[in-house]
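The following paragraphs go through one protein model, from overall figures to individual residues. Please keep the sequence and the coordinates at hand while reading.

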Amino acid sequence: MKLKRFVPFLILMVVFTVSCSPFQKAEKNVYVSGRIEGDEIDVGTKVPGRVARVFVHEGDDVEKGETLAVLDSKAVLAKVAQAEAALKAAEKAAQAKEEEVKVYKKRLNALINKRKSLKKQLDFQLKIAREKKDIAVRDVSLAEEALKKAKAVYERAKADYERFKKLYEKKIIPRSGFDKAEMAFKVSMADFESAKENLAKAEKAVKIAQAGIEIVKSKYNDISSLENEIKALEATVRAKEKEYLAFLDRVNQAEAVVEEAKAHLSDTVIKAPVNGTVTVKYVNVGEVVPAGFRLFFNSQHG
């Protein structure tokens, strides 16, 4: 039912720009008019387009949220599809970049574990090499002490041998006494030579152990090389993560474009802002209207 009362003073006429979403205060434009009939509302469109369908006629009562008309949405749908395709492409690129970051991080973790394992291994080898050297050094001390004793025994046995030899030659002692001295001399000489050989072996073992220590120490250079690789790879990972964040920004931007396109699609559906009666219908199917064009003039029901 139309409202027929006249208000003999200035009031505000509210122009609603409507869409599929509920009408919000931020979407209202307020104009000052002169005398108007009752509480009447302009219903317009936020987007330009060709009117595809009109669902109401002048005099029809409508409820808030009821669809009044629909604009041709082919162009808007195309923009939505284009925006969604761009979003999928951005998401795919971001996913690929994320996988790339994971690959580099995996390499980095492998290098870190390799460095840790190598250091543990070299620390153990260095410990063993130093223990071998300590043993070799102790063996040298023992060999030196044994050589010292063997030398003393040898020197005594040699002196006895020479003395008994002279006595035997002078027929002062029997053959058996000389033979005993001779045997002791030969044994002591063999022991002395063996002691010298043992000392030489012990000293050689010290040199070998020291060489082993130097070899292990040289392998620590491999750890330094790994650390340089790790630092370089860490820098690469940071760069790749930064690139990934840039790709995520593109995804966010693409999502915003999709939302905007969908909002425009929503704007092609014109709905009643309030309960009321269609007082005037300004458009027909097939007409092209600009953004902000008045489509209907409604009387609001109290």
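What does the accessible surface of the protein come to, and what percentage of it belongs to carbon and sulfur atoms? The surface amounts to about 19,400 Å², and carbon and sulfur atoms account for 56% of this area. The model is a predicted one. Its average pLDDT is 84, and 84% of the residues score at least 70. Residues 1-38 have a pLDDT below 50, although this stretch has 79 contacts in the model beyond near neighbours in sequence. Where pLDDT is low, the predicted coordinates should not be read in detail.

Of the 302 residues in the protein, 32% are buried. The secondary structure consists of two helices and ten strands. Read from the N terminus, the order of elements is β-β-β-β-β-β-α-α-β-β-β-β. Contacts can also be sorted by separation in sequence: among those between residues at least 6 apart, 79% join residues at least 24 apart.

The strands come next. Four of them form an open sheet in the order 7-6-4-9, with antiparallel pairing. The edges are taken by strand 7 (269-271) and strand 9 (288-289); each has a single partner strand, so one side of each is left without a neighbour in the sheet. Strand 9 pairs with strand 4 (residues 49-54) in the antiparallel sense, over two bridges. In this pairing, Gly49 is opposite Val289 of strand 9.

Strand 6 (residues 67-71) contains Val70. Is Val70 buried or partly exposed? Its relative accessible area is 21%, so Val70 counts as partly exposed, the limit for a buried residue being under 20%. Apart from neighbours within four places in sequence, the contacts of Val70 are with Val51, Ala52, Arg53, Phe55 and Thr268. Thr45 is 25 residues from Val70 in sequence, and the C-alpha to C-alpha distance between them is 9.9 Å.

The helices lead to the nonpolar cores. In soluble globular proteins, nonpolar side chains tend to be buried together. The largest nonpolar core here has 16 residues, and Val140, Leu147, Phe185, Phe192 and Leu199 are those with the most contacts inside it. Helix 1 (74-169) and helix 2 (175-266) each supply at least two residues of this core. Its largest share, eight residues, comes from helix 1. Val140 touches Leu199, Ala202, Glu203 and Val206, leaving out residues up to four places away in sequence. A second core, separate from the one just described, has 14 residues, including Leu126, Ile213, Ile223 and Leu233.

Aromatic side chains give another view of the helices. How many aromatic pairs does the structure hold? There are five. In one pair, Tyr154 and Phe192, the ring centres are 5.1 Å apart and the planes lie at 15°, so the rings are stacked; planes under 30 degrees apart count as such. Why does this pair tie together parts of the chain that are 38 residues apart in sequence? Tyr154 lies in helix 1 whereas Phe192 lies in helix 2, so the pair joins parts with that separation. Both Tyr154 and Phe192 are buried. Ring pairs also link these two residues with Tyr161, Tyr168, Phe178 and Phe185 into a cluster. Within that cluster, Phe185 and Phe192 are also among the residues with the most contacts inside the largest nonpolar core.

How values were computed
Residues are numbered from 1 along each chain as its sequence is written. This is a predicted model: local features need pLDDT of at least 70, side-chain atom pairs count only at pLDDT 80 or more; totals for chains, interfaces and linings use all residues. Side-chain values use heavy atoms; hydrogens and water are left out. pLDDT is the predictor's confidence in each residue, from 0 to 100. Contact means heavy atoms within 4.5 Å. Two strands pair if DSSP finds at least two bridges between them. Helices (H or I, at least four residues) and strands (E, at least two) are DSSP runs, numbered from the N terminus. Buried means under 20% relative accessible area, exposed over 50%, partly exposed in between (1.4 Å probe, protein chains only). Accessible areas come from the Shrake-Rupley method with a 1.4 Å probe; for residues, only the protein chains shown count as cover. A nonpolar core is a set of buried Ala, Val, Leu, Ile, Met, Phe, Trp, Tyr and Cys residues joined through side-chain atoms within 4.5 Å. Rings of Phe, Tyr and Trp (its six-membered ring) pair if their centres lie within 6.5 Å; planes under 30 degrees apart count as stacked, over 60 as edge-to-face and the rest as tilted.
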